[in-house]
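Here's a walk through a two-chain model, looking at how the chains meet and at a few residues worth a second glance. Have a look at the structure before reading on.

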Amino acid sequence: MLKMLARLLKVLNSETDPSQISLALALAMLAGLTPLFSLHNILVLLLVLMLRVNLSAFLLGLLFFSGLAYLLDPFFHWIGLSMLTAGPLESIWTILYNSSLWRLERFNNPIVAGSLLFSLILFIPFHLIVKSAVIRYRENILSWVQKTRLMQLLKANKFYHIYQSLERMR
Amino acid sequence: MKKWLRWWGIGAFVSLTLIIFGLWFFFVDSLVKRTIEDSGSRLVGARVELGRADLSLFPAGLSLYRLQVTNPDKPMENAVEITRIACSIDLTSALLNKITINEMTLDGVRFDTPRKTSGKIKQKAATPTIKKKISKALELPSFKLPDVKEILEKEDLKSLKLIASVRNDIDREKIKWQKRLKELPDKDKLKDYERRIKGLKSIGKGGFGGILSGFGELVTIKKELEKDLKLIKTARHDLDNGIQLLQKRIKEAEAAPVDDVRRLKEKYALSPQGLANITKLLLGEKIGNWTQTALSWYDKLKPFLERSGVKQEGSDTEVVKPLRGKGVYVRFKERHPTPDFLIRKVRVTRIETRIGALSGKLQNITPDQDVLGLPLSFVFTGDSIKDVKSLKFDGTLNHIVPEKSRDSINFSIKGYQARNIILSDSKDLPLSLQKGLADINLKAGLSHESITARLVSGLTSTKFSVGKPDATNPIVTAISSAISDVSKFNLTADISGTIRDYDIKLKSNLDSVLQSAVKNLAGDQAARLEKGLTAAITKKAGGPLNEL
């Protein structure tokens, strides 16, 4: 847990482009909220490795969103089922259902459909919000955080040594 | 652009994909084995074990070795054990996320094989689904003459209760009348009337005024006398009624011992009518158990015949539960509809049974018969079975329209050399069929929930054996002798009702044989019992009856 927190601070406090961090987290949200062994996650993995996004942020985000997905599954099921059984959309689903690629994607499973739709809708807003948050953090909060008593206390314990060792490795 | 691209990432992706594929290839067999064991155990309700699984991609196929399915009712026994299962999988269907097995071959199928370890698993208590119709309550009648003393010790005599009740009524009436008599005019009252009437004679001497007052007194006396007379008349009427009622009750009490004798005789004496359906008593439980076992397995197999789906109103969309796992899938109209799971053909090369090896085939195993439009059919035959001339077991399980499902099963054995089959292990009548040549035909049909089945069997050259019967009992001896002479035995079993509440009717020529064999002896035995009961009950009830 300490290592993970140290990694997060390392990422936030580094000189990494905020877009790379936010895109990594947005992709982590997409992969984490939807069932991991889904076809679209192969594409996500390709994008994560090919685009210069922050891998630590992606891994941390994946862990967080996978945990969150368990809590949100009933909600995703509800969204997915409502969408898949909506009369006006039936013709679209029927076309997709007759395609091998979409069948392998298991789009007709309400949890897959619900979570994918939810993450895709949130993808761009989430990316922009996180990007702006990282910029603001670095501009306003980082220096304040460094001066806080809490940070001073943290610097004195094991956690800070882990953080330092990671910094040296950079 | 360069700022955003990580070219080595493509290499990493390819390497990672290869590693994942390699790991999958390395572990897929264990994964398949585990999946089959877990899902199978959950479905059967007892441990399902697999020796080894082998999945190949080119050509696409799956081989399973040593599959053991524990009998949930007998955890130390496998319901079925299969040496090898080989299937060829349709890859085109797999791309559509469907499982289609074009052909499956089963080698070395054996039933009821022993297990080294228990196959019991922890499960939620299941609700009883199939009601057992034939219970242990059906027992052979006792062939011994029952002891009168023992009967009277455990039976309540209604006559004694009735006599005691009449005695109470008489006592109550006595008390009531003692009270009532006190309310009626007695001797003193009559003397008072005498005195008052004599007094009237002297009043006449007192002139006109005296006469008038005398007349008034006379009217009063008359009214009082009339009132008292009415009281006496009513009392007499009530007394007559009470006596009549008590006399009736006494008559009933006098007849009660005879009723007791008749009731106990009917209960304890062996009557020829009691043996009218001895076939049911001998074979009913066995046939009931077979039926129940068959229906329990049918219940377990039902999810493989039809899927529980909810059709959306006014559309072709259907929400269905997958066979295994959790969650639901929504199905839409397909251009070329095919089932999600289908085994087109199963070839069973060898099924080891107690009587020999069978072979057969099954077609169209799918929970989506409505999509396929074809029913499941099967046929098994055995032509070179020891002691059997020919055997055929075939049927169709039609669930194309689930709410109008129609299943039919036919089973026939010709020329079966039956040997040493225990028909009854009753202490009084241990009966077995030593030998016989049997032809057995079973036709069973299941229309949705209602079941009809008829089993007709005919045995010739039969030889029955009655274990070690009680030789001192003439009825058992007579039955033994009659059964020993039976050289032809036919049995018809009719099962009807619903799968949860069915009735079994059995008929055979043994019924009439046994009925005529014991007719006279049973009559003598009943007469002796009646005599004993009459003497004992008369003795018990005689004293209290005389006191009434």
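What follows covers chain A, then the interface, then some residues in the strands of chain B. Keep in mind throughout that this is a predicted model.

**Chain A**

Let's start with chain A, which has 9 helices and 0 strands. Going along the sequence, the pattern simply reads α-α-α-α-α-α-α-α-α. The chain runs to 170 residues, and 44% of them count as buried. As for how the chain contacts itself, take the contacts with a separation of 6 or more: 79% of those are between residues 24 or more positions apart. On the outside, chain A has an accessible surface of about 9500 Å², and carbon and sulfur atoms account for 72% of that.

**Where the chains meet**

How much area do chain B and chain A bury between them? The figure is about 2900 Å², with 61% of it on carbon and sulfur atoms. Three residues stand out on the chain B side: B:Trp4, B:Arg6 and B:Phe332 supply 27% of the area that chain B buries against chain A, more than any other three residues. In terms of residues, 30 from chain B are in contact with 32 from chain A.

Now for the polar side of things. Between the two chains the salt bridge count is 1. That salt bridge pairs A:Arg103 with B:Glu334, and their closest N and O atoms sit 3.6 Å apart. Polar contacts are also found across the interface, in 10 residue pairs where both residues have pLDDT 80 or more.

Which parts of chain B touch chain A? At least two residues each come from α1 (7-44), α2 (91-95) and β7 (329-331) of chain B. Of the contributors, α1(B) gives the most, with 6 residues. Sorted by type, the residues on this side of chain B come out as 15 nonpolar, 5 polar and 10 charged.

**A few strand residues in chain B**

Next, some individual residues in chain B. Two of them have a positive phi although neither is a glycine: B:Arg66, at about 50°, and B:Asn420, at about 45°. The table puts three strand residues side by side, with their relative accessibility.

| Residue | Strand of chain B | Relative accessibility |
|---|---|---|
| B:Arg66 | β2 (residues 61-71) | 45%, partly exposed |
| B:Asn420 | β12 (residues 406-425) | 60%, exposed |
| B:Glu81 | β3 (residues 74-89) | 5%, buried |

Is B:Glu81 buried or exposed? B:Glu81 counts as buried because its relative accessibility is 5%, and the cut-off for buried is under 20%. B:Asn420 counts as exposed because its value is 60%, and exposed means over 50%. B:Arg66, at 45%, counts as partly exposed.

So what surrounds B:Glu81? Leaving aside residues up to four places away in sequence, B:Glu81 touches B:Arg66, B:Leu67, B:Gln68, B:Gly108, B:Val109, B:Arg110 and B:Thr113. With B:Thr113 there is also a polar contact of 2.7 Å between the side chains. That list brings us back to B:Arg66, one of the residues touched by B:Glu81 and itself the residue in β2 with the positive phi of about 50°.

Definitions and conventions: Residues are numbered from 1 along each chain as its sequence is written. Chains are lettered from A and ligands numbered from 1 in the order in which they are written. This is a predicted model: local features need pLDDT of at least 70, side-chain atom pairs count only at pLDDT 80 or more; totals for chains, interfaces and linings use all residues. Side-chain values use heavy atoms; hydrogens and water are left out. Contact means heavy atoms within 4.5 Å. Buried area is the accessible area (1.4 Å probe) that two parts lose on being put together, summed over both. A salt bridge is a side-chain nitrogen of Lys or Arg within 4 Å of a carboxyl oxygen of Asp or Glu. A polar contact is a pair of N or O atoms within 3.5 Å; within protein, one must be able to donate a hydrogen and the other to accept it, and residues adjacent in sequence count only if both atoms are side-chain atoms. Helices (H or I, at least four residues) and strands (E, at least two) are DSSP runs, numbered from the N terminus. Ala, Val, Leu, Ile, Met, Phe, Trp, Tyr, Cys and Pro count as nonpolar, Asp, Glu, Lys and Arg as charged, and the others, Gly among them, as polar. Buried means under 20% relative accessible area, exposed over 50%, partly exposed in between (1.4 Å probe, protein chains only). Accessible areas come from the Shrake-Rupley method with a 1.4 Å probe; for residues, only the protein chains shown count as cover.
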